[in-house]
Amino acid sequence: MAVPEKVVTNEDLAQIVDTNDEWIVSRTGIHQRHIAGKDETTASLATKAAARAMAMTALEPPDIDLIIVSTSTPEHFFPATACLVQDALGAGRAGAFDLSAACTGFIYALNMAAQSIRSGSIRNAIVIGSETLSRMINWEDRTTCVLFGDGAGAIVLEASERPGGILSCVMRSDGSGGELLSIPAGGSRYPTTVETLQRKMHTIHMNGKEVYRFATHVMASATREAISRSGLRLSDISLIIPHQANLRIIEAAARGLKLPMDKFVVNIGNYGNTSTASIPIAMCEAVGAGRIRPGDNLVMVGFGGGLTWGALALQWVEPEKRARPALRRRRSILIWLAHLRSFFRRVYRRIEGVLWGGRERGTK
Ligand code: ACO
């Protein structure tokens with residue numbers, strides 16, 4: 001995982017909009033959030049998170065087959081943020097694409113990667129959830145600006161003969177609720193104009209009450225469905241990693257599933273809602289705290305814009321091989337060298353363009 005250094009507390013926000021710590025904590029459970037600095041972007045956070053995830057395995061950048069970045073705040077429309085991560089890591093053999101399913105994106109992306117591995121078309125994948133939502137927030141709108149934060153989390157999936165990994169997944173959507181949570185302008189429907197900027201249509205618009213109602217409705221049912229499809233029972237599940245949008249939504253899911261809150265990973269207090277990054281960040285923290293052990297059955301469950309929602313049951317498996325210190329050093333050097341490689345490829349492309357102009361290489 002990777003989060004920006006800068007922390008913005010509720011008190012800090014009370015200096016810029018009409019809000020207060022008591023309202024934010026009692027309605028959402030959020031105490032602070034991390035906000036990207038000038039040089040931190042969706043791709044830079046994603047690259048850091050991916051490099052840290054890779055460090056848990058014996059894989060090196062040239063071994064990576066696929067990079068998926070789930071994000072609603074991509075670096076650009078295109079190139080895909082995943083391609084920037086591929087370049088920064090020096091993952092020269094990897095395919096790379098972005099996936100857009102709002103806060104549910106990480107669950108969708110994990111399932112896509114797992115199915116590609118199961119089909120035999122790839123051996124491994126890095127799946128990243130990364131967001132810089134702070135760049136899309138209307139900082140004058142107290143109903144949204146207090147909710148969101150920036151960050152990234154990543155996981156490496158590898159083919160293995162050992163049992164476990166992704167057991168089942170439920171992916172759902174309902175586009176009729178699209179306008180409940182959206183960034184209306186900046187796309188092809190409303191290209192950016194002075195008017196869209198003046199009307200702040202390029203920032204997050206949300207009908208909080210409706211999204212809340214929808215979320216409390218789907219969290220428990222999606223969890224149950226994923227568990228039943230996996231062949232497990234609710235009692236087999238050690239931990240649930242929910243999307244961190246609102247503590248009250250997680251509490252409602254716990255009531256719906258008749259489970260105690262200690263079965264849920266909750267870290268919204270420190271990070272706010274980091275959209276598709278929230279599940280992998282919570283997962284990384286739970287692994288770091290020793291709450292997830294090999295063989296544990298887990299459920300990830302999320303909801304978000306689209307509307308989308310989904311849940312995924314998995315059995316946690318530790319990497320077959322871990323990197324020895326010498327390999328870890330070599331990998332850090334390879335990632336560092338990726339910057340040079342990228343620079344020289346650009347220079348080479350330019351020289352080639354001058355030499356060959358618009359002609360095919362090798363023709364006169
Ligand atoms: N500080 C102080 N008061 C506020 C603030 C604030 N930051 N924001 C709103 N209020 C006021 C409102 O103006 C309203 O005042 P009024 O009664 O005088 O009109 C009052 O507080 C209550 O507002 P509600 O909207 O009714 O508050 P509610 O209890 O519904 O909580 C919240 C709002 C936290 C947004 C809640 O609806 C929610 O969490 N919804 C789900 C949001 C969500 O999960 N979004 C992310 C989806 S994931 C993704 O894809 C990004």
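Me: When do two strands count as a pair?
Reply: Two strands pair if DSSP finds at least two bridges between them. Strands themselves are DSSP runs of E with at least two residues, and helices are runs of H or I with at least four, numbered from the N terminus. This is a predicted model, where local features need pLDDT of at least 70 and side-chain atom pairs count only at pLDDT 80 or more, while totals for chains, interfaces and linings use all residues. Residues are numbered from 1 along each chain as its sequence is written.

Me: OK, which residue in β11 stands opposite L239?
Reply: Start with the strands: β10 (residues 237–242) is joined by five bridges to β11 (residues 297–304), and the two run parallel. Across from L239 you'll find L298.

Me: How many of the six residues of β10 are buried?
Reply: Buried means 20 or more other C-beta atoms within 10 Å of a residue's own, with C-beta atoms placed from the backbone. Strand β10 is mostly covered, and the buried count is five.

Me: Which element gives the most to the shell around the ligand?
Reply: There are 23 residues around the ligand, counted if the C-beta atom, placed from the backbone, lies within 6 Å of it. T19, G208, Y212, A245 and G304 come nearest. Elements giving two or more residues are α2 (21–28), α6 (142–145) and α8 (208–230). With five residues, the top giver is α8.

Me: At what angle do α3 and α4 cross?
Reply: Take lines fitted to C-alpha atoms over the stretch in contact, with angles from 0 to 180 degrees between N-to-C directions. The axes of α3 (residues 42–54) and α4 (residues 81–89) come within 9 Å, and they cross at roughly 50°.

Key. Buried ≥ 20, exposed ≤ 12 C-beta atoms within 10 Å, placed from the backbone.
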